[in-house]
Amino acid sequence: MTDTALEFWRETGEQMDLRQDPSEEAGAYALRVLRSALSRWAQIMPHLNEQGVSVMQLRQRLHRKYEDYAALVPIPGEAGGNLEEEIYQTLLANGAFYHRAHNLQPARHKRIGTERVSLIRGLGPEERTGFSGLAPFTRDAAGAMDVAGEYDLWKMEDRETLALIWAGSTAAETDSFDEYLDLSRTEGKTYTKHRTAQAPFALARNRTAGRGSGREYYVIQGEEVRRIPEQFLEASLHEYLQLFLMNQVRPLKVTAVCGPSLVRFETEMKLPEPDLRFVRYVAWPMPDDPESLLRFSVHPDLWPVLKDRFIHLGLVIETD
């Protein structure tokens, strides 16, 4: 990357409180700035018209903005592709704007406070904020709020979740299963053909056709088997349950490397879908592996928010 190109990305990054970490290559830094800049553009677009914008308009303008950046300076490692679709879907899923039919309206402006920062929903065109991943934030903590509730993350404690799933599941007539949750992870896989011995609870699944999830899940206590209902699967409760059951045998880890301008972290297994969706909002994918479900980086000011969430999920934080 030329000095001129790097200076452009640095100046653009400065506007969003993004600085190159000493351990970070110039190309990786440029990709972080690009994603956050496109996210900012996507969030202010619905404000530019009283009727908002259509989904198609947002996608087209976002792609055009990407092309404008690419025409000005090189974008290493990115080829456009579905980047605008990824940003749109992530912002929509995390409440950045309202979706009505094929039209987008700006979300009502709100500061979602944590102990150190405030996440901003409904970002205005003239509003200047920092960014972490696709998420705008300010350093004025508006008083700690219910971040999990604001972003529809599961809030029950582990044993409460287990009790809810057990009580809400129905007796199953089958005792034949394709796979069991491997609680000890001895084979390096989440599910295996064999049930973990001596565990009080087990989670099993069968492949099935015609259902939204493509699988049926069962919770087992002793000889009693109950099928988890589809509405629980849609809320990813089976994923929170499998995390809890694995943590009982050996707590899963999150390893983090903390730099002055960036925190890189890796989860030992894929997070439940609602939490993964939130991580994709507040963090950047790794430039060498953008499709990874395990490896990300985050602004140091947002790391405490994720750290608290990981601890709530029963994960162990290991910091280098």
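Author: Buried means a relative accessible area under 20%, exposed means over 50%, and partly exposed lies in between, with a 1.4 Å probe and protein chains only. The model is predicted: local features need pLDDT of at least 70, side-chain atom pairs count only at pLDDT 80 or more, and totals for chains, interfaces and linings use all residues. Residues are numbered from 1 along each chain as its sequence is written, and side-chain values use heavy atoms, with hydrogens and water left out.

Reader: Why is asparagine 247 called buried?

Author: Its relative accessible area is 8%, and the limit is under 20%, so asparagine 247 counts as buried. The residue belongs to helix α8 (residues 237-249); helices are DSSP runs of H or I with at least four residues, strands are runs of E with at least two, and both are numbered from the N terminus.

Reader: Which backbone atom of leucine 252 does the side chain of asparagine 247 reach?

Author: The backbone nitrogen, at 2.9 Å. A second backbone atom, the oxygen of leucine 313, is reached by the asparagine 247 side chain at 3.1 Å. Each is a polar contact, because the term asks for a pair of N or O atoms within 3.5 Å, one able to donate a hydrogen and the other to accept it; residues adjacent in sequence count only if both atoms are side-chain atoms.

Reader: What is asparagine 247 in contact with, leaving aside neighbours within four places in sequence?

Author: Leu252, Leu313, Gly314 and Leu315. Contact here means heavy atoms within 4.5 Å.

Reader: What makes lysine 253 partly exposed?

Author: Lysine 253 has 32% relative accessibility, which is neither under 20% nor over 50%, so it is partly exposed. Lysine 253 lies in strand β14 (residues 253-258). Its C-alpha is 5.5 Å from that of leucine 315, although the two are 62 residues apart in sequence. Beyond four places in sequence, lysine 253 contacts Glu266, Thr267, Glu268, Val316 and Glu318.

Reader: Is serine 36 buried or exposed, and how do you know?

Author: With a relative accessible area of 0%, serine 36 falls under the 20% limit and is therefore buried. It sits in helix α2 (residues 26-44). Its side chain makes a polar contact of 3.1 Å with the side chain of tryptophan 284. Not counting residues up to four places away, serine 36 touches Met16, Leu18, Phe131, Gly133 and Trp284.

Reader: How near do the axes of helix α3 and helix α4 come, and at what angle do they cross?

Author: The axes of α3 (residues 55-72) and α4 (residues 83-93) come within 9 Å and cross at roughly 130°. That makes the pair oblique, because angles under 35 degrees count as roughly parallel, over 145 as roughly antiparallel, 65 to 115 as roughly perpendicular, and the rest as oblique. Val55, Leu58, Arg59, Leu62, His63 and Tyr66 of α3 make the contact with Leu83, Glu84, Glu85, Ile87, Tyr88 and Gln89 of α4.

Reader: How do the residues of the contact of α3 with α4 divide?

Author: Into seven nonpolar, two polar and three charged. Ala, Val, Leu, Ile, Met, Phe, Trp, Tyr, Cys and Pro count as nonpolar, Asp, Glu, Lys and Arg as charged, and the others, Gly among them, as polar.

Reader: At what angle do α4 and helix α9 pack?

Author: At about 120°, with the axis of α4 9 Å from that of α9 (residues 273-282). Thr90, Leu91 and Ala93 in α4 meet Arg277, Arg280 and Tyr281 in α9. The residues of this contact are three nonpolar, one polar and two charged.

Notes. Axes fitted to C-alpha atoms, helices over the stretch in contact; angles between N-to-C directions.
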